[in-house]
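Please examine the structure shown below. The explanation after it moves from the interior of the chain to a strand pair and then to a single helix.

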Amino acid sequence: MKPLRKHVAIAIDGGGIKGVMVTRALAILEDYLGQGAPEIFQMAAGTSTGSIISAGIAVGLTGAEMHALYCELGETVFRKTLRSRLWLLARYRYPNEPLEAALSTYLGALKMGDLWASQPRIDVVITAFDLLDNRTCFIKPWKPAYALWPVTQAVLASSSVPTYFPVVDGRYIDGGVGSYANPCYVAAYEIKYCLGWDPAETTLISLGTGRDPHLFDVQKVRRWRAWHWLSPLLGAFMESAADQQVHLVDTFFDELDFRRFQVDLRRPIAMDDPAAIPELTAYGDQLGRAIINDDLDRAMDIRAGMAPQ
């Protein structure tokens, strides 16, 4: 593994229960470096489950501790009920209360501004989509508009995936709605233009939550009805948007030591499937090894002005 630079930041994708693999990978990185995640990173950006992990880092939780919490609380947060099975007839599948209770246990009454006032200071960027203003919000501890927000509220807003969880405060939903399911460009922008860090002295680690396999049969696609396109189109949009963020960082922040890591899933794993935790832990081992071996994601193969090989 190449040495980390003076400043180290992390950006973590959304993905629900697939945050298990990121926390496991962080635990492996901690063992390798002999430091906990809070000592490694001075800035964290996260979307949805990435916002949970980013907030955990900010309050001093290690990757190993967060992995244990994901394993312990997965069944509670994504508890299967009549509502979750008949979700098409309801407004959402899962109530917010179990997730909110878990967050409150570890984040307490902490406000976003408290993170900026802490020692050592840490910057956290949490993405959420504001339905009323029709825009993505970048919730940060140093911005006056968000300084008094409870960290729990910010994380809940970022994690409220439509149809899975209710809208927060009648207006905020998952930060992955739009272009920022992968917040690596947000992190790179924060590093250079907000924190004023020299990109030549900064490492940005970007962690994905698994790339779904393409299992489409050409003959079957020709017979698809309109509703068959919903899942493939959503998946293509999310994957394309995530890779686009990687290309943007690669193109406009070329002095940054940018490292994107991702794993290819052998089968699609739903964001609300706690039964997949052992499988996701194994993927976390794979992701952790990729970090240690500097085995970068193939999305970084495309460089500005160069044709792919």
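The following paragraphs describe a predicted model.

The interior is a suitable place to begin. The largest nonpolar core comprises 64 residues, and those with the most contacts inside it are Leu26, Phe41, Ile57 and Ile139. Phe41 illustrates how distant parts of the sequence meet: leaving aside residues up to four places away in sequence, Phe41 touches Val8, Ala9, Ile10, Leu26, Leu29, Ile57, Ile122 and Ile205. Apart from this core lies another, of 19 residues, with Met43, Leu204, Val249 and Ala299 among them.

Ile139 also belongs to a strand pair. Strand E3 (residues 123–130) and strand E4 (residues 135–139) run antiparallel and are joined by 5 bridges. Ile126 has Ile139 of E4 as its bridge partner, and Ile139 is one of the residues with the most contacts inside the largest nonpolar core. The hairpin of E3 and E4 has 4 residues between the strands; in this hairpin, Asn134 adopts a positive phi near 55°.

Helix H6 (residues 97–107) offers a view of how a helix is placed against its surroundings. Its buried residues include Leu99, Ala102, Leu103 and Leu107. These four lie on the same side of H6, because they cover an arc of only 115° around the axis. On the face turned away from that buried side, H6 carries the exposed residues Glu97 and Thr105. The cover over the buried residues of H6 includes helix H3 (49–58), helix H4 (63–77) and helix H8 (151–159). After H6 comes Gly108, which has a positive phi near 60°.

Methods: Residues are numbered from 1 along each chain as its sequence is written. This is a predicted model: local features need pLDDT of at least 70, side-chain atom pairs count only at pLDDT 80 or more; totals for chains, interfaces and linings use all residues. Side-chain values use heavy atoms; hydrogens and water are left out. A nonpolar core is a set of buried Ala, Val, Leu, Ile, Met, Phe, Trp, Tyr and Cys residues joined through side-chain atoms within 4.5 Å. Buried means under 20% relative accessible area, exposed over 50%, partly exposed in between (1.4 Å probe, protein chains only). Contact means heavy atoms within 4.5 Å. Two strands pair if DSSP finds at least two bridges between them. Helices (H or I, at least four residues) and strands (E, at least two) are DSSP runs, numbered from the N terminus. The arc is that of the directions from the helix axis to the C-beta atoms.
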